[in-house]
Amino acid sequence: MAIFARDLSVRSYRNFERYDLALDEGVTVLVGRNAQGKTNLVEALQLLTAGQSFRKPSPAELVQTGEEGCSLSLRLEGDGRVLDHELVVASARRSFRRNGKKCTASGVRGALPSVLFCPDDLDMVKRSASVRRGALDSFGMQMSERYAQLVSAYERTVEQRNNLLKERFCTRDLLAAWNESIASTGASLLVHRLALLARIRAHFVRAYASIAPHEVADMAYQPSIGDLEHAGAATSADEAARAALRLEAQERFLACLEERADEELRRGLTLSGPHRDEILLTVDGRDARHFASQGQQRSLVLAWKVAEVEVTRDILGRPPLLLLDDVMSELDAHRREAFLGFIAGEVQTVITTTNLGYFSDEILSRAKVVRVGDGD
Ligand code: ATP
Ligand code: MG
């Protein structure tokens with residue numbers, strides 16, 4: 001059964017002194033001129049569902065200029081229960097609450113995952129692999145707490161190992177003491193990423209084909225430790241097969257660390273592992289980073305987002321909250337239609353726009369349209 005975001009309230013948050021928004025179970029369109037706070041509202045929804053925002057703000061940035069602190073709350077309903085998520089910033093520190101009880105970001109993550117599509121996402125195709133890895137991990141963290149734990153444990157280990165590598169006293173022997181732990185966490189994260197990417201890929205290929213029927217898009221995960229013989233086992237239901245893959249990854253990772261230790265010491269950096277992996281996107285077999293046209297880049301990102309919605313359904317058995325910030329102007333009429341056709345499905349959606357002209361009468365007749373700011 002679906003869970004819906006119902007009521008958003010913000011106080012002293014960004015450009016809003018106070019703002020209350022009741023969301024529709026279907027489509028809510030936020031319309032307004034530039035700089036009225038539409039993206040800020042989308043960001044608030046993302047913070048209260050994913051526990052983080054695409055802008056990666058410091059706590060102080062969320063607080064309205066001149067104010068001491070801010071609060072954001074979102075009521076969720078469904079499955080016969082009510083959930084209240086809150087984010088409070090006080091003394092430049094942020095804290096989350098779930099049903100009034102203090103928690104970390106993980107406490108608000110997972111109940112209603114959100115999939116955001118905004119103009120910055122076009123960076124996913126042409127920019128460095130870190131953008132694609134970040135997109136995969138942000139989504140994975142909402143799909144499973146184990147995935148989230150692995151991401152933060154691995155990031156911490158890499159940071160600590162890099163700090164050690166930068167020390168003048170660091171030797172190969174000292175490094176070796178760290179290698180077991182980074183290889184073990186890294187191998188687990190790698191297996192989780194392979195499994196999630198395989199799920200996304202299936203929907204991604206299909207979604208792209210429906211947007212651009214004469215082209216074939218694909219994605220592949222390329223580990224910096226080299227391709228793994230048992231990579232296919234990542235999606236296996238057989239725990240022993242996954243354990244064998246984890247072991248293969250761990251051993252390969254250890255061998256890479258050993259092999260490149262001198263170079264790592266010279267450069268003060270950990271040079272292999274999931275933080276150096278690539279996610280390759282292709283159109284008709286050609287690397288999208290170098291060959292995709294503007295339109296193909298948009299289709300690739302669109303297909304990736306559609307896939308995230310479908311994978312959420314597969315894994316959790318219910319759809320996510322879809323947040324579309326200002327993307328209608330980025331899409332041509334054909335892609336807009338394909339996408340609007342898609343959101344006609346059972347997905348709660350919040351769309352921002354400066355111009356209602358992008359929407360068909362059919363969509364507008366069943367959407368809730370909310371004017372943000374001073375209108376014209
Ligand atoms: P556009 O249509 O151009 O995308 P928008 O409606 O999405 O506009 P937002 O990005 O949400 O606009 O920003 C609205 C305003 O909020 C901006 O003018 C920005 O300067 C302001 N703003 C952001 N953070 C704060 C803050 N902490 N205090 C006060 N104002 C802020
Ligand atoms: Mg905006």
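Mentor: In this predicted model, a residue counts as buried when 20 or more other C-beta atoms lie within 10 Å of its own, as exposed when the number is 12 or fewer, and as partly exposed in between.

Trainee: Which helices do the buried residues of H5 pack against?

Mentor: Helix H5 runs over residues 145–166, and its 22 residues reach 32 Å from the first C-alpha to the last, close to the 32 Å expected at 1.5 Å a residue. Its buried residues are Tyr147, Ala148, Leu150, Val151, Tyr154, Thr157, Val158, Arg161 and Leu165. The helices against which these buried residues of H5 pack are H4 (129–143), H6 (172–211) and H8 (261–267).

Trainee: From which element does the largest share of the shell around ligand 1 come?

Mentor: The shell around ligand 1 holds 16 residues, and the closest of them are Asn15, Asn34, Lys38, Thr39 and Asn40. By class, the shell is made of two nonpolar, ten polar and four charged residues. The largest share, three residues, comes from the helix that covers residues 38–50, namely H1.

Trainee: Is asparagine 34 buried or exposed?

Mentor: Asparagine 34 is placed in the loop between strand E3 (27–31) and H1, and the unreviewed UniProt entry includes Asn34 in an annotation called "binding site". The cut-off for the exposed class is 12 or fewer neighbours. Because asparagine 34 has 9 C-beta neighbours inside 10 Å, the class it falls in is exposed.

Trainee: And is lysine 38 buried or exposed?

Mentor: Lysine 38 has its place in helix H1, and it too is among the residues covered by the "binding site" annotation in the unreviewed UniProt entry. When residues up to four places away in sequence are not counted, lysine 38 touches Leu30, Gly32, Thr352 and Val372. Since 23 other C-beta atoms lie within 10 Å of lysine 38, the class is buried.

Trainee: Which residue in E13 is the bridge partner of valine 31?

Mentor: Strand E13 covers residues 349–353, and five of its five residues are buried, with Thr349, Ile351 and Thr353 on one side and Val350 and Thr352 on the other. E3 and E13 pair in the parallel sense over five bridges. Within E13, the bridge partner of valine 31 is threonine 353.

Trainee: Which residue stands opposite threonine 352 of E13?

Mentor: Strand E12, residues 321–325, runs parallel to E13, and four bridges join the two. Threonine 352 lies on the side of E13 that it shares with Val350, and both of these residues are buried. The residue that stands opposite threonine 352 is aspartate 325.

Trainee: Which strands stand at the edges of the open sheet of three strands?

Mentor: This open sheet has the order E9-E10-E11, with antiparallel pairing. Two of the strands each have a single partner strand, so one side of each is left without a neighbour in the sheet, and these edge strands are E9 (217–222) and E11 (286–287).

Trainee: Which residues of E9 point to one face and are buried?

Mentor: In a regular strand the side chains alternate between the two faces of the sheet. E9 shows such alternation, with Asp218, Ala220 and Gln222 pointing to one face and not buried, while the buried residues on the other face are Ala217, Met219 and Tyr221.

Trainee: In E10, which residue is the bridge partner of tyrosine 221?

Mentor: E9 pairs with strand E10 (residues 278–283) in the antiparallel sense over six bridges. Aspartate 218 stands opposite threonine 282 in E10, and for tyrosine 221 the bridge partner in E10 is isoleucine 279.

Trainee: What is the phi of aspartate 326?

Mentor: Most residues other than glycine have a negative phi, and most peptide bonds are trans. Aspartate 326 lies in the loop between E12 and helix H11 (333–343), and it counts as partly exposed because it has 19 C-beta neighbours inside 10 Å. Its phi is positive although the residue is other than glycine, and the value is near 60°.

Trainee: What is the phi of lysine 56?

Mentor: Lysine 56 has its place in the loop between H1 and helix H2 (59–62), and it is exposed, with 8 other C-beta atoms within 10 Å. Lysine 56 is not a glycine, yet its phi is positive, at about 50°.

Trainee: How many of the residues of helix H10 are buried?

Mentor: The end C-alpha atoms of H10 (residues 294–316) are 33 Å apart, which agrees with the 33 Å that its 23 residues should span at 1.5 Å a residue. Just after H10, glycine 317 takes a positive phi of about 75°. The helix itself is mostly covered, and of its 23 residues the number buried is 17.

Note on methods. Residues are numbered from 1 along each chain as its sequence is written. Chains are lettered from A and ligands numbered from 1 in the order in which they are written. This is a predicted model: local features need pLDDT of at least 70, side-chain atom pairs count only at pLDDT 80 or more; totals for chains, interfaces and linings use all residues. A residue is near a molecule or strand if its C-beta atom, placed from the backbone, lies within 6 Å of it. Ala, Val, Leu, Ile, Met, Phe, Trp, Tyr, Cys and Pro count as nonpolar, Asp, Glu, Lys and Arg as charged, and the others, Gly among them, as polar. The expected span of a helix is 1.5 Å times one less than its number of residues. Two residues are in contact if their C-beta atoms, placed from the backbone, lie within 7 Å. Two strands pair if DSSP finds at least two bridges between them. UniProt positions are given in the numbering used here, feature names are shortened, and annotations may be inferred rather than shown by experiment.
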